[in-house]
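Reader: I have a model open and want to learn how to read its features. Where do we start?

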Amino acid sequence: MQAFLKFFGILVGLLVALVIAAALYVQNANHLKPELEALIAERTGIEVTLGGDLNWQLWPPIQLTASQVTAADAGRTIRIEQLALSMDVQAFWQDMSKWRVDEFHLTDTELQQDGQTIRLAKLDLTDFAPNTPADLSMSGEIQASAKAPAYPFTVDGQVTYAPASDTQVEQLSFNQTRFSTTGVKGVCDVDVRDNPRVPSGLPAAKETDLLPLETLLSYDVIGDCAWSEVTLDEQTFTDIETKITNLGHTLNLYIQAPDFFSGSMITEVDITLWPTPVRWHILPELTNVDSKQLLDWRNRSIDWRALFATNSDMTFTGNSLDELYKTVSADSQLDGQPGQIDITGLKKQLANIALLTRQGESVADWPDIWNYQNMTGSLITRGENQVFDFVLDHLHINGEGKINYLTETVDMLAHVTIGAAPEGSPYRVNPILEDTPLPFRCRGPSADVKCKLDEDATRTMIARALSGGDDTGLRRKLEQKIDEEVPEEYREAAKGLLDILGRALEDN
């Protein structure tokens with residue numbers, strides 16, 4: 001938006017200079033190009049090259065056409081293939097703030113600034129005057145850098161340009177203006193104005209920067225948009241509302257999607273731009289979202305079907321992905337609501353453990369799909385470090401580990417604890433294994449993590465439990481089993497064997 005503001009500023013300055021030149025030189029304009037270029041530079045500070053034909057007519061109305069115009073100002077360059085102007089002659093003799101342009105047309109125009117390029121196939125303005133809404137129609141494409149793709153756009157609506165004066169800064173306002181670009185369509189009210197409080201000593205811009213600090217700190221922006229369509233990764237969302245406020249060195253963004261995978265999404269973002277380092281605070285919240293639709297969109301292999309809610313409180317520091325990954329601090333909560341989840345992988349691993357109690361078949365016969373009534377979870381993130389706690393009915397999973405955000409890989413150690421099953425539940429294990437944390441190692445790409453029983457951790461856990469050094473309840477249950485099934489004269493010997501087995505496992 002800031003590029004458009006400066007674009008209009010240069011155009012208005014160029015327009016004023018050309019009209020003044022036409023009034024001063026009432027003759028063949030093409031013979032006077034050098035004088036006109038010098039006059040424009042003197043009056044506006046804009047370096048202009050008039051490469052093609054230049055024609056004007058002063059009465060009635062004022063009309064002006066020019067081709068192959070190049071204008072340069074403070075690192076910005078505009079190239080115009082064709083310019084056409086029609087202006088009310090009576091307004092010419094009034095104060096410039098009261099000028100009114102009947103029609104203003106540009107074709108094949110290009111604006112370059114700080115590596116960013118805006119190409120206009122056409123720009124049409126009617127009834128244009130400073131500080132007055134004008135009808136605007138524009139189409140073209142925008143390219144953030146030479147290596148970035150170009151995105152086509154169209155703009156239709158009303159625009160108001162307010163030049164700088166003794167009482168106000170330069171401002172550009174869009175009122176109920178339709179914006180359309182690749183994957184995005186909507187209507188916006190946006191005000192962009194120069195920020196008179198630009199701080200000094202800004203860090204030099206880097207290619208890894210996520211936010212253009214100099215640009216954001218140079219302008220105040222207030223915007224309210226209603227997006228009828230937003231397409232991300234082939235998924236189209238509708239009726240999305242966004243509000244943006246960029247004032248006082250702080251950028252605030254509010255996003256509301258009332259139809260987000262059958263539920264809703266609200267995200268609030270506060271970014272402190274100055275003083276650096278940049279500080280981020282993000283509060284995403286999902287309500288009644290369809291888990292299967294969301295996971296299918298993200299190409300996740302988990303088969304989970306439920307309406308769920310989640311919220312997070314996230315903070316970051318820095319202005320690059322690497323800095324954000326290193327400084328992320330987040331606390332997230334999950335409420336899965338009643339639903340279904342595929343536990344085939346977990347069931348296979350638990351069956352291997354159940355073989356130790358001679359009840360492997362009972363676990364193998366568990367249904368692959370767990371119809372649960374209760375699912376809750378929490379995740380604490382500090383940089384790469386993760387701590388999680390997850391409850392699925394009488395199954396409890398907790399653990400910790402790391403996520404490498406750059407490689408998108410996971411390495412975590414989880415403990416699965418199965419409590420006593422409620423009446424009628426098929427998800428039962430031998431009482432010896434109830435309430436015993438079973439260690440699982442989860443590794444692989446974050447999109448398809450594989451978890452299996454951690455043999456080393458299992459051996460250590462059993463060894464400590466058998467030797468009485470761990471409060472898992474396994475030793476107590478085994479001793480209870482010995483008391484129930486072993487003759488009294490052999491019970492102490494059997495318990496001694498538990499100690500010997502435990503030490504043997506520790507030695508291995």
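Reader: How many disulfides does the structure hold?

Author: Two. Keep in mind that this is a predicted model. To call a disulfide, look for cysteine sulfur atoms within 2.5 Å. C188 and C225 pass, with S to S at 2.0 Å. C442 and C451 are joined too, at 2.1 Å.

Reader: Which parts of the chain does the link of C188 and C225 tie together?

Author: Place each cysteine in its element. C188 sits in strand β10 (residues 184-194), and C225 in strand β11 (residues 219-232). The bond therefore ties together parts that are 37 residues apart in sequence.

Reader: What is the hand of each link, C188 to C225 and C442 to C451?

Author: Read the angle about the S-S bond. For C188 and C225 the angle is 120°, and the link is right-handed. For C442 and C451 the angle is 115°, again right-handed.

Reader: Is C451 buried or partly exposed?

Author: Use relative accessible area; buried means under 20%. C451 has 38%, so it counts as partly exposed. Its partner C442 is buried because its value is 11%. In the other link, C188 is buried at 2%, and C225 is buried at 8%.

Reader: What is the pairing when the bonded cysteines are numbered in sequence order?

Author: The pairing reads 1-2, 3-4.

Reader: Now the rings. How many aromatic pairs are there?

Author: The count is 11. Take F237 and W297 as one of them. Check two values: the distance between centres and the angle between planes. Here the centres are 5.6 Å apart and the planes lie at 80°, so the pair is edge-to-face; the cut-off for that class is over 60 degrees.

Reader: Where in the chain do F237 and W297 sit?

Author: F237 belongs to strand β12 (residues 235-237) and W297 to helix α5 (residues 291-297). They are 60 residues apart, so this pair links distant parts of the chain. F237 is buried, at 4% relative accessible area. W297 is buried as well, at 17%.

Reader: What about F261 and W297: which class of pair do they form?

Author: Tilted: 5.3 Å centre to centre, with 45° between the planes. F261 lies in the loop between β14 (250-260) and β15 (263-272), 36 residues from W297 in helix α5. F261 is buried.

Reader: Which residues make up the aromatic cluster with W297?

Author: F237, F260 and F261 join W297 in one cluster.

Reader: What lies over the face of W297?

Author: R298 does, at 4.8 Å from the ring centre.

Key
Residues numbered from 1 in each chain as written. Predicted model: local features only at pLDDT ≥ 70, side-chain atom pairs only at ≥ 80, totals over all residues. Heavy atoms only, no water. Phe/Tyr/Trp six-rings, centres within 6.5 Å; stacked < 30°, edge-to-face > 60°. Helix = DSSP H or I, 4+ residues; strand = E, 2+ residues; numbered from the N terminus. Buried < 20%, exposed > 50% of the residue type's maximum accessible area, 1.4 Å probe, protein only. Lys NZ or Arg CZ within 6 Å of the ring centre and 35° of its normal.
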